[in-house]
Amino acid sequence: MSGEVYPLSGRVFHSIRENILAGKYKNNEELKENSLAAELGVSRTPVREALRQLELEGLVRIIPNRGAYVEGFTQQDIQDIYEIRSRLEGLCAGRAARHITEEQLAALEENGYLTEFHAGKGNYAQVLELDNRFHEILYEACNSKILKHELSAFHHYVERVRKITLSMPERVLKSNEEHKKIVEALRAHDVKLAEKLATSHIRNTVRNMDHFGWENLLK
């Protein structure tokens with residue numbers, strides 16, 4: 001997503017959206033048009049348009065005669081995202097097992113080695129990037145632009161939560177082992193196993209969140 005170029009209104013929308021997802025703007029915080037316009041170096045018009053668009057995404061709540069407020073994600077929202085994502089991720093991996101190329105398999109295997117290396121060094125920002133890349137390759141390999149679009153959006157929505165969970169050494173190692181098993185199933189072109197493992201991988205992430213404590217993830 002970082003390499004995409006947007007017109008002014010799109011840039012404003014994506015800047016505010018990124019800041020909400022990253023936690024810069026807190027839940028229930030008022031988003032003032034004047035302040036956002038000054039921060040982004042634009043007029044109030046593209047900011048107003050962006051806030052309306054973000055309201056449609058459920059990230060902003062606009063109260064008539066009062067203003068716009070960050071809606072953010074609740075625990076239920078995140079659980080819903082992961083439940084939907086687990087099913088779509090399984091479907092994606094199953095399709096990838098049919099279509100994946102040798103080059104993509106090699107990239108996934110290298111990703112696993114690099115994740116082990118950086119996890120061992122405590123480079124968790126790099127681990128997050130590698131996790132992003134693993135799923136990007138998987139989404140590309142499924143040969144469906146619709147699945148890729150939807151899964152990329154869900155993956156991005158919960159990046160703030162993923163950043164926290166992927167800074168836990170134990171979860172990083174387990175997650176990487178799960179990735180490796182998925183890759184083995186993909187290399188064997190085992191559609192059912194790839195689907196099952198990818199679905200379990202996402203559900204294991206939710207179980208890890210329950211263990212970590214939602215109050216720590218949403219604060």
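This passage describes how several helices pack in a predicted model and what lines its enclosed cavities.

Helix packing makes a convenient starting point, beginning with helix H1. Helix H1, which spans residues 8-21, packs against helix H3, residues 44-57, at an angle of about 55°, and the two axes lie 9 Å apart. H1 and H3 are therefore oblique to each other, and their crossing is right-handed. On the H1 side, the contact is made by Leu8, Ser9, Val12, Phe13, Ile16, Arg17 and Ile20. The partners from H3 are Pro46, Val47, Glu49, Ala50, Gln53, Leu54 and Glu57. Sorted by class, the residues of this contact comprise nine nonpolar, two polar and three charged.

Helix H1 also meets helix H2, residues 33-40. Here the angle is about 105° and the axes are 11 Å apart, which makes H1 roughly perpendicular to H2. Val12, Ser15, Ile16 and Asn19 of H1 make this contact with Leu36, Glu39 and Leu40 of H2. The contact of H1 with H2 contains four nonpolar, two polar and one charged residues. Readers following individual side chains may like to note Val12 and Ile16 of H1, since each is listed in the contact with H3 and in the contact with H2.

Further along the chain, helices H4 and H10 form another pair. Helix H4 covers residues 75-99 and helix H10 covers residues 191-212. Their axes come within 7 Å and cross at roughly 155°. With an angle over 145 degrees counting as roughly antiparallel, H4 and H10 are therefore roughly antiparallel to each other. The crossing of H4 and H10 is right-handed, and the residues of their contact divide into eleven nonpolar, six polar and eight charged.

Attention now turns to the enclosed space. How many cavities of 30 Å³ or more does the model hold? The count comes to two. The largest cavity holds about 110 Å³ of space. It is lined by 14 residues, of which Asp131, Arg162, Leu166, His201 and Thr205 are the closest to its centre. Two or more lining residues come from each of H4, helix H6 (124-141), helix H8 (159-165), helix H9 (169-187) and H10. Of these, H10 provides the largest share, with four residues. The lining of the largest cavity has three nonpolar, seven polar and four charged residues. H4 and H10, the roughly antiparallel pair described above, thus both appear among the elements around this cavity.

The second largest cavity has about 60 Å³ of space. Its lining consists of Asn111, Thr115, Val127, Leu130, Asp131, Leu166, Val172, Ser175, Asn176 and His179. Helix H5 (102-121), H6 and H9 each supply at least two of these residues, and H9 gives the most, with four. By class, the lining of the second largest cavity has four nonpolar, five polar and one charged residues.

Which residues connect the descriptions of the two cavities? Asp131 and Leu166 are among the residues closest to the centre of the largest cavity, and Asp131 and Leu166 also belong to the lining of the second largest cavity. At the level of helices, H6 and H9 each give two or more residues to the lining of the largest cavity, and H6 and H9 each supply at least two to that of the second largest cavity.

Conventions:
Residues are numbered from 1 along each chain as its sequence is written. This is a predicted model: local features need pLDDT of at least 70, side-chain atom pairs count only at pLDDT 80 or more; totals for chains, interfaces and linings use all residues. Side-chain values use heavy atoms; hydrogens and water are left out. Axes are lines fitted to C-alpha atoms, for helices over the stretch in contact, and angles run from 0 to 180 degrees between N-to-C directions. Angles under 35 degrees count as roughly parallel, over 145 as roughly antiparallel, 65 to 115 as roughly perpendicular and the rest as oblique. A crossing is left-handed if the near helix is turned anticlockwise from the far one by less than a right angle, and right-handed if clockwise. Contact means heavy atoms within 4.5 Å. Ala, Val, Leu, Ile, Met, Phe, Trp, Tyr, Cys and Pro count as nonpolar, Asp, Glu, Lys and Arg as charged, and the others, Gly among them, as polar. On a 1 Å grid over the protein atoms alone, a cavity is a set of points where a 1.4 Å probe fits but cannot get out, and a pocket is an open set with protein on both sides within 12 Å along at least five of seven lines; lining residues have an atom within 4 Å of a point. Grid points are joined across faces, edges and corners, and a volume is the space filled by probe spheres set on the points.
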